[in-house]
Amino acid sequence: MDHTFHSDTLHEVLSRLETDQEQGLSLQEGEKRLAEHGENRLEEAKQAGMLRRVLGQLKDPMILVLLAAAALSFFAGGGQDWLDAAIILLIVLFNTVISVSQEDNARKALEALRKLSAPKARVIREGLERRLESSQLVPGDIILLEAGDYVPADGRVLWEAGLQADESAMTGESLPVHKRGGGGLPQDTPLAERKNMVIGGTVITGGRGRVVVTATGMDTEMGKIAGLLLRQTQGETPLQRKMGEVSKVLSLVCVGVCAVMFGVGMLQHRDILDMFLTAVALAVAAIPEGLPAIVTIVLAMGVGRMAKRNAIIKRLPAVETLGCASVICSDKTGTLTKNQMTVLEVWTPSPGLRGQALALGTLCGDAKEGPGGYVGDPTETAIAQMAAREGLEKAQLERDMPRQGEAPFDSVRKRMATCHSLPAGGTLIAVKGAPEAVLSRCTQVQGPQGPRPMTEADRRRILGVGSDLAAKALRVLAVAQRNQSGPPKSLEAQELERELIFVGLIGMMDPPRPEVRAAVERCAAAGVRPVMITGDHKDTAVAIARDLNLFRPGDKAIDGPGLDFLPQETLEEEIETFSVYARVTPEHKMRIVRAWQKKGHVVAMTGDGVNDAPALKAADIGCAMGKTGTDVAKGAADMILTDDNFATVVAAVEQGRGIYSNIRKAIHYLLSCNIGEILTIFLATVFSFPHAPLSPVQLLWLNLVTDSLPALALGMEPVEKTVMRQPPRGKQDPLFSRAFSLRLAWQGAMVGGLTLLAYGLGLRLTHDYAIANTMAFATLTLSQLFHAFDVRSEETSLFRLGFFSNLAMNKAFLAGVVLQGLVLLLPPLQGAFSVVPMPLPQWGIVLGLAVTPLVVCEIEKAVRRARTGRPAPVGKEAAVYR
């Protein structure tokens, strides 16, 4: 920020920046300045170069052991075993290329998601309001700010109405700072006292204003202190950490097995070099070193699919937590309902006041005329549209009674007030808000002959009418006014909202979204409890909740005053009895979230306002509204709903469960195959097979062909319908349950047993170790490729899933078969991998044994389904979301 912008006059600021406060910059000038100043973003740490990333891959201990094995193979054999050494090096190179490309894909996917969730700015260009990515702002742009916005760049305030900013992150000042336009300040005014400036990276907490951008990117105050607040680093997800721990345990087990195997080989006086290479190859093949990368890639792919379904995940760990969600605390307006308000009732205490009530509601609002009608807050646009239908156009009302100031709405007061000049002189104060909040500031009620003092009977009557309207599922607002001869002493809410005259109640309907009822039913089937948290009247909220089947027999509703009366300990005990929370404040939302969490639930919370940010942060999953949500809410949230729809939250929970399930499938596949490989070599060594059933190069090739593509294909598996027929997973549930571990063990033993059986049959039928080795190699590779198909579901039959419902798996299988076929059939590759041509009967045996895991696992699933009596989904029900 130029140190003199705060001291210049507004005319000097606009002149220096060569801009117009009404028209803003032209589109061409904006592009020119963007090229000159660069994007409005803080510099990020440079990505490591390709050479450094490749060397980073080669630092892996297993890769270093492999390179040592290649060198030892070459030099110990006097250069005769150069082919084995060359193949090992080629496989290391290929693995490195795959790892680096996987890192690139994951980084690009995450970068695309960051762009999707990047904040937008409201900018005036060529006299029209536009929404641009904040990164496209340039000095001289005119931007509009309101409560809930992040300030996207440093700027000078041109005009404001109650504009306040939280600058604590930059200045340490804990209280919001009131901003003002007008003249300059002394040049030595410290940053914390520059009330005519806004600072990029801070938050607007109240009011609205128009600002000219004075500095962007690294030239801002935030840029000068290195932009620590805006830089985020992507740490490991909890699941990745679990995978790292699993890999370490498996590594120790594998090293132990290899050491025992090496020792046994030494006792049997086998060739030391051969035993060393076999042990190293087995360790590399058996350790799932690609697990963390696969977890990241599967998460990134799943998050990409969720983005297409209107749910933008900002942080990868949120995907894992989504699968555990057991409570969804949902706002009502726009999330459970259409957010298309229509005025249905206008009640006034005396006849003939309908037009006056609608005029007050229209004046005390910020709805604007757009191409297809009014735009802005749904309740304000509904009132303006109804007033217009009755001949009270907002534009004409504002020409006759121009606004002089306002006290913006906030969720604590539950009111908004505006100040207007009257045509004949004097001032009109217009107030609208929640009926009880407005009534508390009224001392009179409008009668046929003019205002009269308000009695307790009047209050009871008005509140009773409000309750009756709310019972019809109408949202009810009260309007009131005060006329005075001169301007108010100040524009503070306390001054404007006093000694008011009650004029009427306006009842509006926001109909429920048609898809929400089905989403609520899906929640019930999935063991997820949806509850409504709203600022609306309790009767209105209960009526909507009952219509959506969200409020069921035996459920209770509670409002803000009831929550105030209830101690936190009591709320925690009774929290599960409430389905509707009405007239709540941000503090109430925090209490509700914590009470559910105290009961052991994983809570997803929706919100859109500045004051929702603490509750969004406190919830296990914060879901911000993409259309109506403020930048602050989006910044605090883990997920952004681009369609503001409750059904999208439910779909995201389903996707979260499906992604976690797919990761488990990839783990299941990799570990069961690795167990098979370990058992094959270990048992062959322990039982003194004259020749090893698999050579080191074959083991390395096996790792390349069977580990990567099928595991990634499992991560792309469509989400099974059954995931929403099961209770939510607990956050602390172990990854390896007893049943899951047993399944890994017996399936791995089966793969290893079939490989040894192939070796034994080959030896018995042909008395040729080369053919026996080839049969074992082919059986182990192909059986693992077939095994990937039965891992696609732990319960559902492959025949019900459909062989072609996951095309990625078909492609991975074909790629593996083709690669293995080339090694087994092409003479040059046969020599490199120590295999020989197999007679036709041996091919039949290999294929029969290779398909056995698929057949056995399908039989085991059928037996398990019959025992539990759980029907498997059929046809389209088997997989619904891609």
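## Ground rules and a helix residue

Helices here are DSSP runs of H or I at least four residues long, strands are runs of E of at least two, and both are numbered from the N terminus. With that in hand, V818 is found in helix α30, residues 807-825. V818 is partly exposed, with a relative accessible area of 49%; on this scale buried means under 20%, exposed means over 50%, and partly exposed is in between, using a 1.4 Å probe and protein chains only. V818 and V705 sit 113 residues apart in sequence, yet their C-alpha atoms are 9.9 Å apart in space.

A word on provenance: this is a predicted model, where local features need pLDDT of at least 70 and side-chain atom pairs count only at pLDDT 80 or more, while totals for chains, interfaces and linings use all residues. Residues are numbered from 1 along each chain as its sequence is written, and side-chain values use heavy atoms, with hydrogens and water left out.

## Nonpolar cores

A nonpolar core is a set of buried Ala, Val, Leu, Ile, Met, Phe, Trp, Tyr and Cys residues joined through side-chain atoms within 4.5 Å. In soluble globular proteins, nonpolar side chains tend to be buried together. The largest core in this model has 106 residues, and the ones with the most contacts inside it are I313, L322, I328, M532, M639, F646 and Y669. Helix α25 gives the most to this core, at 16 residues. There's also a second, separate core of 29 residues, with L563, L571, A615 and A624 among them.

Take Y669 from that list of well-connected residues. Leaving aside residues up to four places away in sequence, Y669 touches T706, P710, A711, L714, Q784, L785, H787, A788 and V791, where contact means heavy atoms within 4.5 Å.

## A buried threonine

T335 lies in the loop between β9 (327-330) and β10 (342-347). Loop or not, T335 is buried, with a relative accessible area of 1%. Its contacts, again not counting residues up to four places away in sequence, are S330, R513, V516, M625, D644, N645 and F646. F646 is also one of the residues with the most contacts inside the largest core.

## Salt bridges

Side chains of opposite charge can pair when their charged atoms come close. The rule used here asks for a side-chain nitrogen of Lys or Arg within 4 Å of a carboxyl oxygen of Asp or Glu, and by this rule the count comes to 34 salt bridges. One of them joins E39 and R41, at 2.6 Å from N to O. E39 is partly exposed, with a relative accessible area of 38%, and R41 is partly exposed too, at 40%.

E497 turns up in two of these pairs. The side chains of E497 and R413 meet at 2.5 Å, N to O. That pair links distant parts of the chain, with E497 in the loop between α17 (493-496) and β19 (500-509), R413 in the loop between β13 (403-410) and β14 (415-421), and 84 residues separating them. E497 also forms a salt bridge with R415, the closest N and O atoms being 2.9 Å apart. Here R415 is in strand β14, and the pair is 82 residues apart. As for burial, E497 has a relative accessible area of 1%, R415 comes in at 10%, and R413 is buried as well. Elsewhere, R208, D366, R403 and E406 are linked in a network of salt bridges.

## Pocket and cavities

Both kinds of void are found on a 1 Å grid over the protein atoms alone: a cavity is a set of points where a 1.4 Å probe fits but cannot get out, a pocket is an open set with protein on both sides within 12 Å along at least five of seven lines, and lining residues have an atom within 4 Å of a point. The second largest pocket has a volume of about 870 Å³. It is lined by 27 residues, of which S661, R664, Q726, E794 and E795 lie nearest its centre. Two or more lining residues come from each of α25 (646-686), α27 (738-766) and α32 (840-868), and α25 gives the most, with 5. By class, this lining has 7 nonpolar, 7 polar and 13 charged residues.

There are 3 cavities of 30 Å³ or more, and the largest has a volume of about 60 Å³. Its lining includes H668, R743, D790, V791, E794 and R864. The largest share, 4 residues, comes from α32.

Conventions: Grid points are joined across faces, edges and corners, and a volume is the space filled by probe spheres set on the points. Ala, Val, Leu, Ile, Met, Phe, Trp, Tyr, Cys and Pro count as nonpolar, Asp, Glu, Lys and Arg as charged, and the others, Gly among them, as polar.
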